[in-house]
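Reader: I am new to this model. Please take me through the reasoning behind a few of its labels.

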Amino acid sequence: MHRTDLSQYLLKQLHQHQPSRLVLAYSGGLDSQVLLHLLWPLCQQHAIPLQVVHVHHGLSPQADAWARFCQEQCQQLNLPFELCHVHLSSNTNIEQQARRARYQVLADYITEPQTSLVCAHHADDQFETLLLALKRGAGLNGLAAMPSCRHFAKGQLWRPLLAISRQQLMDYATSHALSWVEDESNQNTEFERNFVRHAVSPVLKQRWPQWLSTVGRSVQHLQDAASLAEYYTEQALARCATPDKLDLIALSQQHPLQQDLVLRRWLYAAGFNPDTQWLLTLKQQVIAAKADAQPQLVAGRLLVRRYQQHLYLLNNDSQRQALPSCVLTWQQACQLPEDRGQLLWHKTKVAGALAIAEASQQYQVVFGMLNLPFKPTGKQTKPLKQWFKQWQLPPWQRGQIPLLLHEGKLVLVAGYASSYSDEQAKAWLSWQPAKNELPFLTT
């Protein structure tokens, strides 16, 4: 692609993307400087608001000078400019730490569905990402490298230059007499990406001049395959998962490779990205355990537990204390302790509500008293723990269920059963558990 074609290329990308507002991640380096130079007239021509954000990491003695340069460039173009400082905690994996901090800041500017964060990643960046993914043994999603567009914050992250080489950007910048900042750390080959950029990529380009374009085609094939796998995985997950658990019988009916993808997707939705060895341990020690076992496995800040033929995700909180009792007043909503939700009265029967026959002023709400006798309407009397087992309620959940006592007698197990029939009811009581912060998370 000739340098004179870059503007038309970006215009075509802009028409396809159709953003209502753009936020440019602007470092002042060659890549983002060229992108700013290309975007500015196009956004003016098509009345697309453009905002520029520079993230100050404070890692270089030149960081303040770079920030001033970026601000001056935007002042010359009369563009809104934001300077954001981030503070990194240590020198441990500084590249990854800076990247995460940068995107956390930039996410605050993407507040609407049609707003896009624009990044100046190019074809050389894409190749480096692919090679580093190969180095760490990444799966399909990792090898698919960087998509040109993906969901980000409340909008999208858009990379319009992924098909453009760094040399093409350099040619454009030179022909238009652009100036930019040079980050001295980009020459430090102790960083993996810099090593690939300076020691590996030039050799490959010299041997195979079309290297970047062929790598780009391969990445596109991998991205297509990843999209197709995601489509079928979402369908399989819908067949296997409910909001709080994963059905292992339904999972076993999937192709073995699809099973792994479903497990990964289920765990990823809760914020955990397992490696291959961890997933193998889950399958061997938890899923394949004896039927009467109750195995568990730590998953970051979560805990995976199996009960009968289901997997459950829990907060990894081994110090959970017994819940205190509280008082429920007739016809008044009751907020339960420890964010367990609330109990609500109803004058008529609604879905999930259970019958109450005594219009007493107060009831006692307790938790964990599993040896209390309980007689659901139309059933025989058994200790509560036996009813919980019959209802297939996992043991770790049993102490979290609100129990309603009237004159010391257990008359209602919230969400499960009442001692009274609907015909006896003077009111109905429902339990609304607090919404979980994570998908499929059961406390």
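Reader: What makes C149 unable to form a disulfide here?
Author: This is a predicted model, and the distance decides. A disulfide needs two cysteine sulfur atoms within 2.5 Å. The closest cysteine sulfur to that of C149 is in C119, 11 Å away, so it is too far for a bond.

Reader: How do you know whether C74 has a disulfide?
Author: The same test applies. The closest cysteine sulfur to that of C74 belongs to C70. The gap is 7.0 Å, against a limit of 2.5 Å, so there is no bond. By this rule the count of disulfides is 0.

Reader: Why is C74 called buried or exposed?
Author: Buried means under 20% relative accessible area. C74 has 1%, so C74 counts as buried.

Reader: And what makes C149 partly exposed?
Author: Partly exposed runs between 20% and 50%. C149 has 32% relative accessibility, so C149 takes that label.

Reader: Which label does Y232 get, and why?
Author: Y232 has a relative accessible area of 42%, so Y232 is partly exposed. Y232 lies in helix α9, residues 211-240. Together with L228 and Y231, Y232 forms a nonpolar patch on the surface. The accessible area of the three together is about 330 Å².

Reader: Which residues of α9 are buried?
Author: They are L212, V215, V219, Q223, A226, T233, A236, L237 and C240.

Reader: How do you know that the span of α9 agrees with its number of residues?
Author: At 1.5 Å a residue, the 30 residues of α9 should span 44 Å. The end C-alpha atoms are 42 Å apart, so the span agrees.

Conventions:
Residues are numbered from 1 along each chain as its sequence is written. This is a predicted model: local features need pLDDT of at least 70, side-chain atom pairs count only at pLDDT 80 or more; totals for chains, interfaces and linings use all residues. Side-chain values use heavy atoms; hydrogens and water are left out. Buried means under 20% relative accessible area, exposed over 50%, partly exposed in between (1.4 Å probe, protein chains only). Patches are made of residues with over 30% relative accessible area and no salt bridge: like charges are joined within 9 Å, nonpolar side chains (Val, Leu, Ile, Met, Phe, Trp, Tyr) within 5 Å. Accessible areas come from the Shrake-Rupley method with a 1.4 Å probe; for residues, only the protein chains shown count as cover. A salt bridge is a side-chain nitrogen of Lys or Arg within 4 Å of a carboxyl oxygen of Asp or Glu. Helices (H or I, at least four residues) and strands (E, at least two) are DSSP runs, numbered from the N terminus. The expected span of a helix is 1.5 Å times one less than its number of residues.
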